[in-house]
Number of protein chains: 2
Amino acid sequence: MSPSTVLGYAAPAPGQPLEPFTYQAPDLEDQEIRVSVTHCGVCFTDIHAIDDHFGVFSFPLLPGHEIVGRVTETGKAASGHEVGDLVGIGWQGRCCGGCEWCEAEQEHLCQEIPSCGTWTPYGGFASEVVVDGRFAYPLPAGMAAETAAVLMCAGIAVYPPLRLFATGPSCRVGIVGIGGLGHLAIQFAHALGADVTALSSSPGKEVEARRFGADHFVVSTDREAMAGIEYGFDLLICTAHGGIDWGTLLMSLRRTGRLVLVAFSPVHLEAAGGDGGAGPLVDLIAHELSITGSFLGSRADMREMLGFAQEHGITPQVESMPMSRVNDAIRLVRENRARYRVVLVNE
Amino acid sequence: MSPSTVLGYAAPAPGQPLEPFTYQAPDLEDQEIRVSVTHCGVCFTDIHAIDDHFGVFSFPLLPGHEIVGRVTETGKAASGHEVGDLVGIGWQGRCCGGCEWCEAEQEHLCQEIPSCGTWTPYGGFASEVVVDGRFAYPLPAGMAAETAAVLMCAGIAVYPPLRLFATGPSCRVGIVGIGGLGHLAIQFAHALGADVTALSSSPGKEVEARRFGADHFVVSTDREAMAGIEYGFDLLICTAHGGIDWGTLLMSLRRTGRLVLVAFSPVHLEAAGGDGGAGPLVDLIAHELSITGSFLGSRADMREMLGFAQEHGITPQVESMPMSRVNDAIRLVRENRARYRVVLVNE
């Protein structure tokens with residue numbers, strides 16, 4: 001019933017360009033479904049994986065975790081899915097189901113299976129994937145496949161912390177880094193009623209940032225402009241991968257404010273700054289700030305996020321490319337030239 | 001009415017030993033009181049100040065912010081104080097009264113006057129101090145002066161975050177660093193009903209840590225012992241000044257756990273660890289942890305803390321020395337040899 005061979009694109013070793021790669025399609029476990037991939041977004045985390053930044057991946061590595069496709073086969077116990085359904089799949093492809101976090105329906109915090117378990121064995125830059133049917137989400141009626149694909153990671157990365165912490169219409173939210181995640185975070189924060197500032201090192205992104213819903217735009221490398229918003233934000237969502245001036249950023253938070261990290265940008269907090277004055281650690285403590293990590297969301301979060309995005313017309317700005325051009329797409333992402341998300345399409 | 005000259009001990013320049021130092025006693029503003037110092041604790045933050053680690057202090061610097069003394073004069077509008085009353089005074093000696101934080105009775109977060117405003121111009125290693133009477137706290141009946149002195153900084157540094165975050169009897173709390181703050185934090189956490197683990201680089205502190213109320217003791221530099229408590233703590237209170245292995249520490253937190261920083265220990269979070277594997281930043285994000293700064297407390301916090309300490313018999317272990325031996329006391333604190341707090345006494 002299933003095609004016996006899956007065609008994908010894999011890095012043979014860390015840092016290598018992706019190459020065509022085939023593997024034997026696995027048989028389905030009872031709760032699994034097989035999905036013929038139609039679209040897969042390219043995320044900076046794919047670069048982290050390809051380059052093996054965290055030393056946790058196996059090679060050959062076939063990445064891709066912003067997947068949309070059609071169900072082609074369902075396991076005996078995979079309820080709720082029919083062959084032909086269009087579904088979205090993100091980082092998480094399974095969970096243990098038994099730990100306290102799974103029992104609390106916080107499956108993305110599963111203690112036994114890290115939530116990058118979609119890649120078992122391989123990801124979405126391919127003709128098909130197999131996942132636990134509980135982690136495949138039906139698309140809201142009328143939502144474009146490209147939109148749903150990008151929401152599967154970029155959307156679920158930014159929506160839960162915004163919903164949790166951007167409370168009330170007077171909440172002043174800063175979105176740091178206006179890329180794949182950031183341009184969606186602006187839209188979500190705006191739809192949640194917050195006063196939204198986009199912070200970017202690229203002055204050229206102002207017009208688009210305002211179009212996405214930003215009320216204000218600040219060039220994050222302009223120290224004078226940053227000083228002008230001292231003690232301004234209740235909440236900062238940091239989607240940037242590096243080049244952060246943590247002292248300036250923390251100074252832009254109001255007392256008891258919160259900086260949420262959703263991207264893996266190294267953090268250095270010293271008590272004394274490079275100029276001999278008080279460093280960012282002093283602000284963190286004296287202003288009683290918090291730095292909070294946020295990593296995707298539960299299944300309930302994912303369903304809520306999809307519904308919210310559909311209701312409020314939240315739409316990523318997507319550049320589509322055939323999946324065979326995966327290395328061109330990766331280059332655009334590496335060079336921060338994607339505007340704002342590249343989605344690979346199986347034609 | 002007031003003696004015209006104050007005798008104290010001041011550092012003439014950053015990093016210098018303290019020297020006898022006199023200054024003209026200031027006249028009182030309406031809301032101020034004059035306090036004849038009987039006791040003053042020595043805190044590691046005094047070392048930070050003497051060494052001008054943060055570049056924010058003026059010299060000559062006369063430190064000391066764990067003060068107990070007797071009221072000798074009251075300003076016209078300094079209600080609630082009588083000459084002869086025994087009062088405690090901490091870091092904060094005044095606030096603006098008009099900013100949103102003062103209006104919300106979170107005076108320690110005052111936006112106009114940093115809460116180290118006690119030193120205006122000089123601190124408690126002296127014969128007397130002058131402060132706004134609102135920041136002088138009557139001692140609970142029967143509380144020893146040495147105890148109250150230490151609670152003025154070490155106590156108020158650890159009590160508010162414990163009361164806020166160590167909720168419920170099943171809360172597993174780790175206290176990192178068993179010194180002046182840590183040995184009080186163990187007592188407060190125990191009295192709040194938490195399951196308390198003391199983490200120290202000094203194996204020799206186990207017996208005393210258990211006497212303070214620790215249910216468990218772990219040598220924080222013993223990687224094997226630390227690995228044994230993986231995902232163990234709901235809350236960590238870090239009172240250590242340095243030598244922290246952030247990766248190991250964050251790994252000891254349960255998902256969604258919180259690390260509270262109350263001491264100025266530099267924080268480095270990298271996405272990749274030194275061994276090429278995933279670093280502490282990955283845990284912070286993937287486990288949705290928080291790092292929160294906590295800095296002393298409001299006037300209401302201070303009153304509550306004093307009452308709680310009195311009710312639960314929380315008592316710092318104090319070594320008393322005459323104030324003339326201030327440099328010996330500072331040396332003990334610098335060398336981490338204080339067990340657990342040195343209090344200077346004016347004889």
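Student: What turn and what shift lay chain B on chain A, and with what RMSD?

Tutor: Chain B can be laid on chain A by a turn of 180° and a shift of 0.0 Å along the axis, with an RMSD of 0.0 Å. The two copies are therefore related as by a two-fold rotation axis. The superposition is by least squares on the C-alpha atoms of residues with pLDDT of at least 70 in both copies. This is a predicted model, where local features need pLDDT of at least 70 and side-chain atom pairs count only at pLDDT 80 or more, while totals for chains, interfaces and linings use all residues. Residues are numbered from 1 along each chain as its sequence is written, chains are lettered from A in the order in which they are written, and side-chain values use heavy atoms, with hydrogens and water left out.

Student: How do you know that the copies meet through the same surface?

Tutor: Of the interface residues of chain B, 100% are also interface residues in chain A, so the surface is the same. The contact (heavy atoms within 4.5 Å) takes 44 residues from chain B and 44 residues from chain A. The area buried between them is about 3600 Å², where buried area is the accessible area (1.4 Å probe) that two parts lose on being put together, summed over both. B:Arg255, B:Ile285 and B:Glu288 supply 18% of the area that chain B buries against chain A.

Student: What makes B:Arg255 count as sitting over the ring of B:Tyr231?

Tutor: The rule asks for NZ of Lys or CZ of Arg within 6 Å of the ring centre and within 35 degrees of the ring normal. The charged end of B:Arg255 is 4.9 Å from the centre of the B:Tyr231 ring, and sits over it. In chain A, A:Arg255 lies over the face of A:Tyr231, at 4.9 Å from the ring centre.

Student: Why is the aromatic pair of B:Tyr159 and B:Phe188 called tilted?

Tutor: Rings of Phe, Tyr and Trp (its six-membered ring) pair if their centres lie within 6.5 Å; planes under 30 degrees apart count as stacked, over 60 as edge-to-face and the rest as tilted. Here the centres are 5.2 Å apart and the planes make 50°, which is tilted.

Student: Why do B:Tyr159 and B:Phe188 count as buried?

Tutor: Buried means under 20% relative accessible area, exposed over 50%, partly exposed in between (1.4 Å probe, protein chains only). B:Tyr159 has 2%, so it is buried, and B:Phe188, at 0%, is buried too.
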